[in-house]
Amino acid sequence: MSSVPLKGIPETFAGADVFITGGSGFMGKVLIEKLIRSCPDVGQVFVLVRPRRGKSPEERIAELVKVPLFDKVREMHPENIQKIVPICGDCSELKLGLDEESLKRMENVQFVFHAAASVRFDDPLEKAILLNTRGTREVIHWATTLKSLKAVVHISTTYSNPEIFEIEERIYPAKMDWRKAIEMAENVDSEVFQTMSQKLTGFAPNTYTFTKGLAEQICNDYHKELPIVVFRPSVVTNTEEEPVHGWIDNFNGPVGLLVGMGIGLMRTGYVNLNNRINCIPADVSIKAMIIAAWKKANEGPGQLTVINSAAEVHKTADYNFLIYDARYVYYKHPMSQVLWAPGGTHAPCKYVYYLLFFLYQVVPSMFLDMALKARGKKPFLLKLQRKVFDAQMSLKYFTDNEWVFKTDNFRNLAHDLLESDRETFSIAYMCLGMQEYYRRCILGGRRYLMRESDDTIPAAKEKLKRLLMINKIAKGLFVALLTFILYKMVYVPYFV
């Protein structure tokens, strides 16, 4: 990334049409908001959307912009909301499911951000290839027809090669030919293909990382024809600063862990407490993505840019911090919907984990579900615990291991900014320290995931005090009962 553009970022995007896939996802929303707020003269922002749950693309976009994330842009540039143009399509379909009218409308697109992907680790290989790999091919193929194209940013993941534990900002050798993978997904019987999946993927941890790795190979093969950036975020978490503190719309990553522990749903886990989880705030990663597109617009095709949008080691948290040191967060800002007093025990091995999971999470959920059913409400906790268990198992490879990410290109993005853009597009992160960041995370989880307003915190604290007292009494009764049983089993027969 050598040459520096003479025009700033807002000027570069002024009048430029943008195409975004995955715009309804977490990162996609943050990207759309940042573009229409900080690049106010941007052209049309075309967002690929599928009709879903009986809602048209227009209805989905109208619903998307109602979230608090867009409050600030509504204040500053309310007219820019109209620049978001829904385009009916689907990344899992050939030609992205686009009709001729849509293709005509978007023929002047200058910037493409491809963020659509299935992030489910347990997707069948066929489905993951068609969406994550073939979908990327279809975006790239369409991009070759754009005469005014300035940059294509493919959003990948730092874990696209998870068997390598020191990840550089480069493309690694292919594990499989992407053309052959797509051909097989299209033509081989689904059941047969599924039985072959482990062998085909080289026993990869999951289909997500495998197919994202294949997608990077496509970008590599086309980088001489198109101005392409492969942008790899690590674990993307709540916004740190903008447009609001702590915004998030999913339970993935450490925020889900903190919220689950905070409401008393998660009471045991089996992870290496010393391992670090590499998290990057969503707003930081999105700003870096826009900067990368701005730089690539000046460079043109011929050189593939790979960026690891990851945190430096000293700005990462280990699981010990998240599980124990961060407890003060959900005691300071408890959830109103807390089910039981937060707490629990870390399992030292998988067999202890299975036992503790049954005793601490399954058994209480059974009783709570029975209580819900008795009150005429729908039981849900056992089903939820099943999902928690499956999630912990699917993440085991990642909690058992630790990665180091080289981030020279990522850090250099800040150095390349023009003076006029340094404040608006600053990618400094964890500026107030990790404890403050995760305090904002749990508040964000409370506000945007649990939908609890801050004025309910005092009542939630009182509820938490009662639950803590009940928890102590319950533990005391359990110890007393256990002591009595042992006494009856050991001492009484001896004296008789």
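Me: UniProt annotations are placed here in the numbering of this chain, with shortened feature names, and may be inferred rather than shown by experiment. Which residues does the annotation "domain: Thioester reductase (TE)" cover?
Reply: The structure is a predicted model. The annotation comes from an unreviewed UniProt entry. In the model, the span has its end C-alpha atoms 12 Å apart, with 40% helix and 15% strand. The annotation "domain: Thioester reductase (TE)" covers residues 20–289.

Me: What share of residues 360–452 is helix?
Reply: The unreviewed UniProt entry labels this span "domain: Fatty acyl-CoA reductase C-terminal". The end C-alpha atoms of residues 360–452 are 26 Å apart, and strand makes up 2% of the span. The share that is helix is 63%.

Me: How far apart are the end C-alpha atoms of residues 351–372?
Reply: The UniProt annotation "transmembrane region", again from an unreviewed entry, covers residues 351–372 as well as 473–494. Residues 351–372 are 100% helix and 0% strand in the model. Their end C-alpha atoms lie apart by 30 Å.

Me: What distance separates the centres of domain 1 and domain 2?
Reply: The domain assignment gives domain 1 as 9–248 + 278–312 + 403–449, and domain 2 as 319–399 + 453–492. Their contact takes 18 residues from domain 1 and 19 residues from domain 2. Taken over C-alpha atoms, the centres are separated by 37 Å.

Me: What area do domain 1 and domain 2 bury between them?
Reply: Interface size is often stated as the accessible area lost when the parts come together. For domain 1 and domain 2, 69% of the buried area is on carbon and sulfur atoms. The area buried between them is about 1600 Å².

Me: Which residue forms a salt bridge with D454?
Reply: The rule finds one salt bridge across the interface of domain 1 and domain 2. For D454, the closest N and O atoms of the pair are 2.7 Å apart, which meets the cut-off of 4 Å and therefore counts as a salt bridge. The partner of D454 is R447.

Me: Which helix gives the largest share of the side of domain 1 that touches domain 2?
Reply: Across this interface the rule finds eight residue pairs in polar contact. The helix in question spans residues 434–449 and supplies nine residues. By class, that side of domain 1 has 10 nonpolar, three polar and five charged residues. The helix with the largest share is α18.

Me: Which residue is joined to E242 by a cis peptide bond?
Reply: Omega of this bond is about -5°. The partner sits in the loop between β8 (235–237) and α10 (253–262). The residue joined to E242 is P243.

Me: What is the phi of K95?
Reply: K95 lies in the loop between β3 (84–88) and α5 (100–105). Although K95 is not a glycine, its phi is positive, at about 55°.

Methods
Residues numbered from 1 in each chain as written. Predicted model: local features only at pLDDT ≥ 70, side-chain atom pairs only at ≥ 80, totals over all residues. Heavy atoms only, no water. Domains from an automatic or database assignment. Contact = heavy atoms within 4.5 Å. Buried area = accessible area lost by both parts, 1.4 Å probe. Salt bridge = Lys/Arg side-chain N within 4 Å of Asp/Glu carboxyl O. Polar contact = N/O pair within 3.5 Å; in protein donor to acceptor, adjacent residues only side chain to side chain. Helix = DSSP H or I, 4+ residues; strand = E, 2+ residues; numbered from the N terminus. Nonpolar A, V, L, I, M, F, W, Y, C, P; charged D, E, K, R; others polar.
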